[in-house]
Amino acid sequence: MQQEILKVTNAEKYFGNGSVVTRALDGISFAVNKGEFVAVMGASGSGKTTLLNVIATIEPLSSGEIAVDGTVLSQLKEEHLAAFRRDKLGFIFQEYNLLDTLTVEENIVLPLNLRRTDTETTRMELERVSGALGVTDQLKKFPHELSGGQRQRVACARAVITSPAVILADEPTGALDSKNSRNLMELFRLMNGSLGSTILMVTHDAGVASYSDRVIFLRDGKIFTEIYCGGRARGEFYGDILAGMAASGGEGDAV
C-alpha cells in the first residue's frame, strides 16, 4: 500500500479584500505518495508558485487543509513552523541560496547543525549524500569556486541530508543552460530513485517536467488536468506534456 506523504484538500488562497479579491488557489485537491516525483505546470498566474508557498508554510491557506507526513499545517503553532520546515521539508531554488562564507561541506551539513545532530551522524550523512550526488571532491571548496551545475548539486545535497518528507523545487533549472539543466534533472532522478526522495517541482519547462512521474497542470487556480508517465519513454511523455501545456495555456522549452 502506498503511503501519502503530501495531501492537499480543497485548498483555497485569496489575495485582496472587499470587492477586489483574487483567487490564486480555487479548491485544489491532490495527494503525493512517498517516493513520487511530481511536476506542477501552468501559465503565469495559474497558481503554481502560490501552491508551493502554502505547502512550504510561507503563506497560510485561506481555507482547506494541507498535511505533510501526517502533520496538518494549520494546526502547527507559529513557534513550531521553523522546526517543521527544517525537519520535514527540503528546498531547492534556482538561485542556489548557498552561503558564500561557508565551505561546501559546511553548507551541506547546515540543516543538521541547526538540528544539533551529533558529530558522528553528521559525518555519516555527509558521506552518504555527497557520495551519491557526486560532490565529495568539492567539500573543502567555497561556492564561488564552483560552476553553476556544481552549486546546484550542493544545494541538492543540502536539501536531502535531513531525509525530508518532501523536497520542494521552485524552477530549479531557471539559472542553468540546457546541458546543466539535463544534468540537474538526471540528478533529481537519482535523488528520487537511489535516495528515495519525494519531490514536488514547479517548472515552466516541458523538457524538465518530462523527468517526473506525473505532471499536474493548473489553470486559474484550479487543477486543469494531470498526466502520468506510466513507465513510457521520456520522449512520448514529453509530447503529451506539450499537448497538456497547449490546452492549459502555457508554453514550454525542450531540455
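Fourteen residues make up one lining in this predicted model. They surround the second largest pocket, which is lined by 14 residues. Nearest its centre lie Glu59, Pro60, Leu61, Leu73 and Ser74. The space in this second largest pocket comes to about 290 Å³.

Which elements build this wall? Both β4 (63–68) and α2 supply at least two residues of the lining of the second largest pocket. β4 holds the largest share, with 3 residues. By class, the lining of the second largest pocket counts 8 nonpolar residues, along with 3 polar and 3 charged ones.

Now turn to the largest pocket. Its volume is about 420 Å³. The lining of the largest pocket numbers 17 residues. Arg86, Leu89, Phe91, Pro111 and Arg158 are the closest of these to the centre. Four elements appear here, each giving two or more residues to the lining: α2 (78–88), β6 (89–93), α3 (104–114) and α5 (148–160). Of the elements, β6 gives the most to the largest pocket, with 4 residues. The classes in this lining are 11 nonpolar, 3 polar and 3 charged.

One helix links the two descriptions. α2 gives two or more residues to the lining of the largest pocket, and α2 also supplies at least two residues to the second largest. The strands divide the leading roles: β6 gives the most to the largest pocket, while β4 provides the largest share in the second largest.

Key. Residues are numbered from 1 along each chain as its sequence is written. This is a predicted model: local features need pLDDT of at least 70, side-chain atom pairs count only at pLDDT 80 or more; totals for chains, interfaces and linings use all residues. Side-chain values use heavy atoms; hydrogens and water are left out. On a 1 Å grid over the protein atoms alone, a cavity is a set of points where a 1.4 Å probe fits but cannot get out, and a pocket is an open set with protein on both sides within 12 Å along at least five of seven lines; lining residues have an atom within 4 Å of a point. Grid points are joined across faces, edges and corners, and a volume is the space filled by probe spheres set on the points. Ala, Val, Leu, Ile, Met, Phe, Trp, Tyr, Cys and Pro count as nonpolar, Asp, Glu, Lys and Arg as charged, and the others, Gly among them, as polar.
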